[in-house]
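Student: I would like to learn how to read strand pairing, pockets and ring contacts in a model of this kind. Could we go through them one at a time?

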Amino acid sequence: GAPVEVSVVAYPGESIRGSVARIGDVLNPQTRMIEVRCLVDNRAGRLKPEMYTQTKIAAGQRTMALVVSRAALQDVDGQAVVFVDQGGLRFERRKVQVGRQEADQVEIVSGLQRGEKVVVSGGFLLKSEMLKSRMDEE
């Protein structure tokens, strides 16, 4: 039922609105595509069998989010943390609350501000050093 906008190379600058009727269950390994069937008004008969289309599918409301690479996240005592670059080879451990997760990116809901630089490569080493110094103190 999601809204779609279909365009065809044969009709530049034009688009046809419709809706998703069915999404296939299997990814074709050769084409890396999934079949999506859409319902569109074709009473004029302009769309023909075997025509390739470019289809935009509405996937929800766009929202701004702060995201980091999944590699930036470390688990310390069951809490998600990132290491924020403070300059001069100094890093601050920062507890963060994570939100949505997709592929290699994770939304940060709280604990980090836009523009702050986080460690992506080497975070595990920083975590190890932090835990080592904690053990030395005990």
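Tutor: Let us begin with pairing: two strands pair if DSSP finds at least two bridges between them, where strands are DSSP runs of E of at least two residues, helices are runs of H or I of at least four, and both are numbered from the N terminus. In β2, P3 has S19 as its bridge partner. This is a predicted model, in which local features need pLDDT of at least 70 and side-chain atom pairs count only at pLDDT 80 or more, while totals for chains, interfaces and linings use all residues. Residues are numbered from 1 along each chain as its sequence is written, and side-chain values use heavy atoms, with hydrogens and water left out.

Student: Over how many bridges do β1 and β2 pair, and in which sense?

Tutor: Strand β1, residues 3-7, pairs with β2 in the antiparallel sense over 4 bridges. On its pairing with β3, strand β2, residues 16-23, is antiparallel over 5 bridges; I23 stands opposite V36 there, and V20 has C38 of β3 as its bridge partner.

Student: What is the order of the strands in the open sheet of 4 strands?

Tutor: The order is β3-β2-β1-β4, with antiparallel pairing. Strands β3 and β4 are the edges, since an edge strand here is one that pairs on one side only. As for twist, axes are lines fitted to C-alpha atoms (for helices, over the stretch in contact), and angles run from 0 to 180 degrees between N-to-C directions. Neighbouring strands of this sheet are turned by 40 degrees against each other on average, with direction ignored.

Student: Which strands make up the open sheet of 3 strands, and in what order?

Tutor: That sheet has the order β5-β10-β9, again with antiparallel pairing; its edge strands are β5, residues 67-69, and β9. Here the average turn between neighbouring strands, direction ignored, is 35 degrees. Strands β5 and β10 pair over 3 bridges in the antiparallel sense, with S69 opposite Q105 and V67 bridged to E107. On the other side, 4 bridges join β9 to β10, and Q97 stands opposite S110.

Student: How many residues lie between β9 and β10 in their hairpin?

Tutor: There are 2 residues between them, and A103 in that turn has a positive phi of about 45 degrees. When you follow side chains along such strands, remember that in a regular strand they alternate between the two faces of the sheet.

Student: How should I read a pocket, and what is the volume of the largest pocket here?

Tutor: On a 1 Å grid over the protein atoms alone, a cavity is a set of points where a 1.4 Å probe fits but cannot get out, whereas a pocket is an open set with protein on both sides within 12 Å along at least five of seven lines; lining residues have an atom within 4 Å of a point. Grid points are joined across faces, edges and corners, and a volume is the space filled by probe spheres set on the points. The largest pocket has a volume of about 860 Å³. Of the 18 residues that line it, V36, R37, M51, T53 and T55 are the closest to its centre. Strand β3 gives the largest share of that lining, 4 residues.

Student: What lines the second largest pocket?

Tutor: The second largest pocket, with a volume of about 170 Å³, is lined by A65, V67, R100, Q101, E102, Q105, V106 and E107. Strands β9 and β10 each supply at least two residues of this lining.

Student: Finally, which charged side chain lies over the face of Y11?

Tutor: A charge sits over a ring if NZ of Lys or CZ of Arg is within 6 Å of the ring centre and within 35 degrees of the ring normal. In this model R46 lies over the face of Y11, at 3.8 Å from the ring centre.
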